[in-house]
Amino acid sequence: MDISHDGKQILISTGRPDYNEYPYRKQSVYLLHARTNQIDTLWKDRLVDIQCLFSPDDSKLLIAGAADAFGQMGVKIGKGQIVNGYDTQLYIYDLNSKEVTPITKDFNPAVSNYIWHTDGNIYIVAGDTDYVYLFRYGKDGKISRIECPGDLVQKISLAQNGNTGVYTASDESYPTRVYTLDLTTLKAQEWADPQGEQYKNIEFGQVKDWDYNYKKGTTIDGRYYLPANFDPKKKYPMIVYYYGGTTPVERTFGGRWPFNLYAANGYVVYVMQPSGATGFGQEFSARHQNNWGKITADEIIACTKAFLKAHPFVDAQRIGCMGASYGGFTTMYLQTRTDIFACAISHAGISSISSYWGEGYWGYSYSTNASAHAFPWNRKDIYVDQSPLFKADKVKTPMLLLHGTADVNVPTGESIQFYTALKLLGKDVELVLIKNADHAVVDYNQRIIWGNTIMAYFAKYLKGEPAWWENMYRDKNL
């Protein structure tokens with residue numbers, strides 16, 4: 001896990017499955033004294049995994065783990081809730097006194113990276129709603145945000161014995177830049193703009209925040225992208241995007257879901273963050289457990305209707321929706337609950353929670369954070385009643401199902417069986433399988449076809465322009 005700064009001590013972690021006790025895995029952490037080969041056991045058969053690194057003086061450990069990594073001392077959730085294990089928290093462990101101190105219990109952002117620097121401060125990269133910012137835990141025991149450029153901090157490196165750092169960051173309308181950071185003044189300066197020349201003549205549309213007060217105690221954060229030549233007097237088709245799982249849809253530039261590109265093709269793109277996502281506090285993220293669409297579907301439907309009412313430039317008859325993985329499940333499930341969408345696209349979606357639970361690389365292990373203590377034999381209300389496959393007859397929306405044939409996360413059969421059900425029911429459905437693709441499409445040529453498939457499908461149903469889709473797929477043996 002880590003080596004002490006003087007090279008005399010080594011942290012070692014081992015893990016093993018244990019199917020007798022939730023969450024079905026046990027971890028042990030040891031401290032090896034390199035000169036004597038003596039081994040001290042710090043923790044034996046832990047039920048919640050942790051990651052550890054030494055403090056600059058090697059007297060303490062900085063530990064990352066779930067809110068319940070040390071019992072209830074780091075937990076801040078509602079009554080009856082179960083901790084979301086993906087909402088990472090930080091602790092300090094004193095090697096001499098054995099005392100554990102939670103330092104992020106009252107800190108809503110979700111930790112993704114951390115460095116304990118020789119200046120005595122802990123620098124933290126954390127997701128704050130759909131932003132990713134840089135924070136500092138100071139000697140006074142308080143966490144404060146470092147006001148530096150970039151809405152999405154990606155990577156950071158700090159000089160081991162100096163006062164300078166380097167980090168990369170982007171925002172929703174600009175690709176990655178490189179910045180230097182003075183750790184004394186906390187002033188950042190742009191150091192490199194690798195893609196500046198490529199994008200200097202590109203005009204992007206506006207990106208605006210739009211949050212919806214869904215009900216007391218629940219605000220659904222959102223943002224929307226406008227075409228560059230946006231005219232508020234016109235009516236535009238809209239694409240609604242969400243995940244619905246444990247993480248928010250961050251303000252990435254480009255990537256697998258290039259919202260700017262969709263907007264450039266004449267769509268308003270509305271992105272929302274339903275309950276269950278990290279970065280909004282432990283109570284919000286804990287809503288993911290044993291949810292499987294119960295809360296999120298209602299939020300997405302209500303938010304979409306409210307967005308339409310608040311933005312008359314969107315054509316309510318030309319709304320599409322899209323999601324991938326858990327978001328693909330959300331897309332499938334939504335169509336069993338509403339007919340407000342003119343079409344829907346699900347990539348690598350889960351149609352039967354029980355078959356997903358029993359197969360694939362993530363199946364039962366992911367379910368410890370999505371359906372704790374719930375199994376096909378004791379929670380039919382989740383595994384059957386919340387599965388889109390068992391409500392396929394309720395679907396009225398045309399659907400496109402996309403899936404890689406080598407997906408080890410969500411088995412390809414999840415889309416195939418939903419396609420078969422919808423076909424037998426006489427529904428409007430298409431299935432496109434990406435040969436040898438895993439959970440994400442990474443091959444360059446396949447990504448081009450995959451991206452064009454998405455745009456062609458939306459053009460057919462949201463613009464009334466079927467030619468692109470028909471040219472790609474009609475009467476072709478693929």
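**Notebook: salt bridges, strands and odd corners**

Entry 1. I started with Asp298, which counts as partly exposed at 30% relative accessibility. I should jot down right away that this is a predicted model. What does Asp298 form a salt bridge with? I found that its partner is Arg337, and the closest N and O atoms of the two are 2.3 Å apart. I then looked up where the two sit: Asp298 is in helix H4 (residues 294-310), while Arg337 is in the loop between helix H5 (326-335) and strand S24 (343-347). That makes this a link between distant parts of the chain, 39 residues apart. Arg337 is partly exposed too, with a relative accessible area of 35%. Right after that I noted a network, in which salt bridges that share partners join Arg16, Asp18, Glu21, Lys26 and Asp45.

Entry 2. Next I wanted the reason such pairs turn up. Side chains of opposite charge can pair when their charged atoms come close. How many salt bridges does the count come to? I got 20 salt bridges.

Entry 3. I picked out Arg251 and Glu172, whose side chains meet in a salt bridge at 3.7 Å, N to O. Arg251 lies in the loop between strand S21 (236-241) and helix H2 (259-264), and Glu172 in the loop between strand S14 (164-171) and strand S15 (174-182), so this pair ties together parts that are 79 residues apart in sequence. Are the two buried or exposed? Arg251 is buried, at 4% relative accessible area. Glu172 counts as buried as well, at 12%. I reminded myself that under 20% is what buried means.

Entry 4. Then I looked at Glu283 and Arg287, whose side chains meet in a salt bridge at 3.0 Å, N to O. Here the two partners fall into separate classes: Glu283 is partly exposed with 32% relative accessible area, whereas Arg287 is buried with 13%.

Entry 5. On to cysteines. How many disulfides does the structure hold? The tally is 0. Why is there no bond for Cys303? Its sulfur is 14 Å from the closest cysteine sulfur, the one in Cys321, and that is too far for a bond. A disulfide would need the two sulfur atoms within 2.5 Å. Cys303 is buried, with a relative accessible area of 0%. I also checked Cys148, which counts as buried at 9%.

Entry 6. I traced an open sheet of 4 strands next. In which order do the strands stand? I read it as S5-S6-S7-S8, with antiparallel pairing. Strand S5 (50-54) and strand S8 (100-102) are at the edges with a single partner strand each, so one side of each has no neighbour in the sheet. From one strand to the next, the twist averages 25°. Looking at one pair in the middle of that order, I saw that strand S6 (residues 60-65) and strand S7 (residues 89-94) run antiparallel and are joined by 6 bridges. I clicked on Gly65, and Gln89 in S7 stands opposite.

Entry 7. Now some backbone oddities. Which residues does a cis peptide bond join? Those are Tyr22 and Pro23, with omega at about 5°. Pro23 sits in the loop between strand S2 (9-17) and strand S3 (25-33).

Asp45 came up again, this time for its phi: the angle is positive, about 55°, although Asp45 is not a glycine. Asp45 lies in strand S4 (residues 38-46) and is partly exposed, at 29% relative accessible area. This is the Asp45 I had noted in the salt-bridge network.

Asn290 also has a positive phi, near 55°, and is a residue other than glycine. I placed Asn290 in the loop between helix H3 (282-286) and H4. With a relative accessible area of 17%, Asn290 is buried.

Entry 8. Last stop, the surface. Which residues form a nonpolar patch there? I listed Tyr86, Tyr361, Trp362 and Val408, which together have about 420 Å² of accessible area. I zoomed in on Trp362, which lies in the loop between helix H6 (353-358) and helix H7 (363-370). Trp362 counts as partly exposed, at 31% relative accessibility. That value fits the patch rule, because patch residues need over 30%.

Conventions. Residues numbered from 1 in each chain as written. Predicted model: local features only at pLDDT ≥ 70, side-chain atom pairs only at ≥ 80, totals over all residues. Heavy atoms only, no water. Patch = residues over 30% accessible without salt bridge, like charges linked within 9 Å, V, L, I, M, F, W, Y side chains within 5 Å. Areas by Shrake-Rupley, 256 points an atom, 1.4 Å probe, with all protein chains shown as cover. Salt bridge = Lys/Arg side-chain N within 4 Å of Asp/Glu carboxyl O. Buried < 20%, exposed > 50% of the residue type's maximum accessible area, 1.4 Å probe, protein only. Pairing = 2+ DSSP bridges. Axes fitted to C-alpha atoms, helices over the stretch in contact; angles between N-to-C directions.
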